[in-house]
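Visitor: I'm new to this one, and I'd like a close look at a single part of it. Could you walk me through it slowly?

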Amino acid sequence: MTSIIQVENLQKSYTMGHNEVHALRGVSFQVAAGEFVALTGPSGSGKSTLMHLLGCLDRPSDGRYLLQDRDVSRLSADEQAEVRNQHIGFVFQKFNLLPRITALENVMLPLLYRGRVKDASQKATAALHTVGLADRAHHRPAEMSGGQQQRVAVARALVTDPAIILADEPTGSLDSRTGAEVLDLLLNLAANGRTILVVTHDPSVGSRAGRVLQMMDGVMQ
């Protein structure tokens, strides 16, 4: 299987006052194309730090991170932004939709940021259809349930056809039934070839993931 993500001895340290904090202490793993991987662990284990590095929101102190065989470990801020826009889809716990615009317009945003205007509406409509919300395209977030808003967020992550979707606690703000529906959606996307890595405290996500990566004190267990 082709590796979408290859992490080699990834380390991240921060200086806080007179102390050096080692958030990641040599993490190595791979994620293959089409995998659904759950990243779990207690608060302070390094999950969020690792997610920031995988999302090209930060750089490691040491080690390598290859995304589709490209070493993205030491990119400039502008290069990181390009990778985020073109190769990574994000789904957050709080949805992060803009409240004054419609679902369709929210999903179009990553394409517009890329300067791709010509077919943005068509592609956003197709992404909303994939998540079962084509009939809510012209509704604003306040006119939709939490589960529907998270589906819009998933459509926004899909619209650029990213190499990987990184989902940070995607069921964390939802009730159990709605969370299960969003999880079903993500699992279905993975079954159809999408590569998805989910950071979660939700045991139901871990129990249904194809593989679970457990972190503790900055290392992979």
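Visitor: Let's take the largest pocket: which helices and strands each supply at least two residues of its lining?

Guide: Happy to take you there, and one thing before we start: this is a predicted model. The elements you're after are α2 (77-87), β6 (88-91), α3 (103-113) and α5 (146-158), each giving at least two residues to the lining of the largest pocket. Of these, α3 provides the largest share, with four residues.

Now for the pocket itself. Its volume is about 380 Å³. There are 16 lining residues, and the closest to the centre are Phe90, Leu109, Pro110, Tyr113 and Arg156. Sort the lining by character and you get nine nonpolar residues, five polar ones and two charged ones.

Let's follow one of those contributors, α5, a bit further. Ten of its 13 residues are buried, so the helix is largely enclosed by the rest of the structure. Buried here means under 20% relative accessible area. Among the buried residues of α5 are Gly147, Gln149, Gln150, Val152 and Leu158. Arg156, one of the residues closest to the pocket centre, is buried as well. What do the buried residues of α5 pack against? They pack against β6, α3, α4 (120-130), β7 (164-168) and α6 (176-191). Notice two names you've already met: β6 and α3 also help to line the pocket. You can check the length of α5 too: at 1.5 Å a residue, its 13 residues should span 18 Å, and the end C-alpha atoms are 19 Å apart, which agrees.

To get your bearings, step away from the pocket and look at the open sheet. Four strands form it, in the order β2-β1-β4-β5, with antiparallel pairing. Its edge strands are β2 and β5 (70-71), each pairing on one side only. Strand β1 (residues 3-16) runs antiparallel to β2 (residues 19-32), and eleven bridges join them. Along that pairing, Val7 of β1 stands opposite Phe29 in β2. Two residues lie between the strands of this hairpin, and there Gly17 takes a positive phi near 65 degrees. Over by the other edge strand, β4 (residues 62-67) and β5 pair in the antiparallel sense over two bridges. In this pairing, Leu67 stands opposite Arg70 in β5.

So when you turn back to the pocket, start from α3 with its four lining residues, then find α5 with its ten buried ones.

Conventions:
Residues numbered from 1 in each chain as written. Predicted model: local features only at pLDDT ≥ 70, side-chain atom pairs only at ≥ 80, totals over all residues. Heavy atoms only, no water. 1 Å grid on protein atoms, 1.4 Å probe; cavity = no way out; pocket = protein on both sides within 12 Å on 5 of 7 lines; lining within 4 Å. Points joined across faces, edges and corners; volume = space filled by probe spheres on them. Nonpolar A, V, L, I, M, F, W, Y, C, P; charged D, E, K, R; others polar. Pairing = 2+ DSSP bridges. Expected span 1.5 Å × (residues − 1). Buried < 20%, exposed > 50% of the residue type's maximum accessible area, 1.4 Å probe, protein only. Contact = heavy atoms within 4.5 Å.
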